Amino acid sequence: MQQDKQKSQAPITRVQYLEFITAILWITQVRGTGEQLTLTNSKSNELVIEAADLASSNKKKTVRVLHVDDDPSLQEITKLVLLDLDSSFEIDNACCVDEAFKKLAVTNYDIVISDYEMPQKDGLQFLKELRQQKNAISFILFTGKGREEVAIQALNLGADGYFQ
């Protein structure tokens, strides 16, 4: 039965991944302006974002993002698409957890978006170490697979969200 459930789930596409990242970044940006935001998932699995008075806001805040992923092509696509959507994003990339910690030591970021499966240390180890250091930065974990146990662990470790 569990195998049937996993087989019926379509793998996430890069477009869906980018839509999710965009939604998370909008949440971060809108939270900083105090405006209301509603994020829903429609039946067609498309992300729908509705924000009250977003267009009338003059309080655009730069959102500094650290995207941690060992796939450089995905990092580049993410950066290009997000910058095309909104120039208030500043996206920095790290190819591994160690590089991410070096960047976090010298730069203030608003949010970390991390892949789960990476060489050396995975996204859960990264999150655990961040929280052990009392770093409360917003953290989103992208698992890329339908792994409920990873999502539960991420939330228990203090992730602000996850995406499978």
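This dialogue walks through aromatic pairs and a helix packing in a predicted model.

Visitor: How many aromatic pairs does a search of the whole structure find?

Guide: Two.

Visitor: What describes a pair of aromatic rings?

Guide: Two values do: the distance of the centres and the angle of the planes. Take F101 and F126. Their ring centres lie 5.2 Å apart and their planes stand at 85 degrees, so this pair is edge-to-face. The cut-off for that label is over 60 degrees.

Visitor: Where in the chain do F101 and F126 sit?

Guide: F101 belongs to helix α4, residues 97-106, and F126 to helix α5, residues 123-132. They are 25 residues apart, so the pair links distant parts of the chain. Both F101 and F126 are buried.

Visitor: What values describe the pair of F126 and F139?

Guide: The centres are 5.5 Å apart, with 70 degrees between the planes. This pair is edge-to-face. F126 in α5 is linked here to F139 in strand β6, residues 138-142, 13 residues along the chain. Both F126 and F139 are buried.

Visitor: Which residues do the ring pairs link into a cluster?

Guide: F101, F126 and F139.

Visitor: Why are α4 and α5 described as roughly parallel or antiparallel?

Guide: Read the angle between the axes. For α4 and α5 it is about 30 degrees, with the axes 10 Å apart. Angles under 35 degrees count as roughly parallel, and α4 and α5 are therefore roughly parallel to each other. Their crossing is right-handed.

Visitor: Which residues meet between α4 and α5?

Guide: From α4, V97, A100, F101 and L104; from α5, F126, E129 and L130. By class, this contact has six nonpolar residues, no polar ones and one charged.

Technical notes
Residues are numbered from 1 along each chain as its sequence is written. This is a predicted model: local features need pLDDT of at least 70, side-chain atom pairs count only at pLDDT 80 or more; totals for chains, interfaces and linings use all residues. Side-chain values use heavy atoms; hydrogens and water are left out. Rings of Phe, Tyr and Trp (its six-membered ring) pair if their centres lie within 6.5 Å; planes under 30 degrees apart count as stacked, over 60 as edge-to-face and the rest as tilted. Helices (H or I, at least four residues) and strands (E, at least two) are DSSP runs, numbered from the N terminus. Buried means under 20% relative accessible area, exposed over 50%, partly exposed in between (1.4 Å probe, protein chains only). Axes are lines fitted to C-alpha atoms, for helices over the stretch in contact, and angles run from 0 to 180 degrees between N-to-C directions. Angles under 35 degrees count as roughly parallel, over 145 as roughly antiparallel, 65 to 115 as roughly perpendicular and the rest as oblique. A crossing is left-handed if the near helix is turned anticlockwise from the far one by less than a right angle, and right-handed if clockwise. Contact means heavy atoms within 4.5 Å. Ala, Val, Leu, Ile, Met, Phe, Trp, Tyr, Cys and Pro count as nonpolar, Asp, Glu, Lys and Arg as charged, and the others, Gly among them, as polar.
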